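Please find below my notes on this model, set out as numbered points. They deal with helix packing and with one pocket.

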Amino acid sequence: MANKRSSTDKGKTLQGVKPQETRAERYLNRYALSHQDPVNKVIHYICIPLLMFSLFGLFWAIPFPHFKFLGIYNGYFNWASFAIAVAVYYYLRISPLISYTILFIMLGFSYVIMMMLSWQTLGGPAMWLICVIIFIPSACLLLIGNKREKTFPEYGLNITSLPVAPVHILYKVLKLLRINK
């Protein structure tokens, strides 16, 4: 009986037993446990992208210092550039596909923000003001949606779940499109 291995040996899987979760699945399952209410899910699908966009725009609006060594490239860097780099790195550690998707989404956000800045120079409202106007109701609706959850008293307001929320939405969309993570 010494040759017999137990079903709990490391690296062994039995038929019908779920293989070990990926890092992305671990994050998403933990996030999904505290987001079960159907109304809260709809609020998240609408407000998380809006919140991401508004935060990105607010980072863009923070004045960036002028560095002489950048020369003519000074105008191409701002705080949102660093937000893109940090986000891509953070999400790359979770899932490369989600990281690349976030990169393309942030590039789309950049395009919209540049259009808003063009509109601002033509006399339209300030870009940062539009972002604040988007941010406040989005954040309020997310808090209202989270309060609908049965687990809210247990978890409360958890700022650490904010970076996981876009991954959760992207994971669901990619799964709907049958794109492997």
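Which residues in α2 meet which residues in α7?

1. The model is a predicted one. On the α2 side, the residues that meet α7 are His44, Tyr45, Ile48, Pro49 and Met52. Their partners in α7 are Ala165, Pro166, Ile169 and Lys172. By class, this contact of α2 with α7 comprises seven nonpolar residues, one polar and one charged.

2. As for the geometry of that pair, helix α2 covers residues 38-61 and helix α7 covers residues 164-176. Their axes come within 10 Å and cross at roughly 125 degrees. Because an angle between 115 and 145 degrees falls outside the perpendicular and antiparallel ranges, α2 is oblique to α7. The crossing in which α2 passes α7 is left-handed.

3. Helix α7 also packs against helix α4, which spans residues 96-121. Here the axes come within 11 Å, with a crossing angle of roughly 105 degrees. That angle makes α4 roughly perpendicular to α7. From α4 the contact takes Leu97, Ile98, Thr101, Ile102 and Ile105, and from α7 it takes Pro166, Val167, Leu170, Tyr171 and Leu174. Nine of these residues are nonpolar, one is polar and none is charged. Pro166 of α7 thus appears in the contact with α2 and in the contact with α4.

4. Helix α2 has a further partner in α3. The axes of α2 and α3 come within 6 Å and cross at roughly 135 degrees. The two helices are therefore oblique to each other. Phe56, Phe59 and Trp60 in α2 meet Trp79, Ala80, Ala83 and Ile84 in α3. This contact has seven nonpolar residues, with no polar and no charged ones.

5. What is the volume of the second largest pocket? The value is about 420 Å³. Its lining has 16 residues, and those closest to the pocket centre are Leu55, Phe59, Ala87, Tyr91 and Met106. Two or more lining residues come from each of α2 and α3 (79-94). By class the lining is made up of 16 nonpolar residues, with no polar and no charged residues.

6. A point that links the last two: Phe59 in α2 takes part in the contact with α3, and Phe59 is also among the residues closest to the centre of the second largest pocket. Neither the contact of α2 with α3 nor the lining of that pocket has a polar or charged residue.

Technical notes: Residues numbered from 1 in each chain as written. Predicted model: local features only at pLDDT ≥ 70, side-chain atom pairs only at ≥ 80, totals over all residues. Heavy atoms only, no water. Axes fitted to C-alpha atoms, helices over the stretch in contact; angles between N-to-C directions. Helix = DSSP H or I, 4+ residues; strand = E, 2+ residues; numbered from the N terminus. Parallel < 35°, antiparallel > 145°, perpendicular 65-115°, else oblique. Left-handed = near helix turned anticlockwise from the far one by under 90°. Contact = heavy atoms within 4.5 Å. Nonpolar A, V, L, I, M, F, W, Y, C, P; charged D, E, K, R; others polar. 1 Å grid on protein atoms, 1.4 Å probe; cavity = no way out; pocket = protein on both sides within 12 Å on 5 of 7 lines; lining within 4 Å. Points joined across faces, edges and corners; volume = space filled by probe spheres on them.
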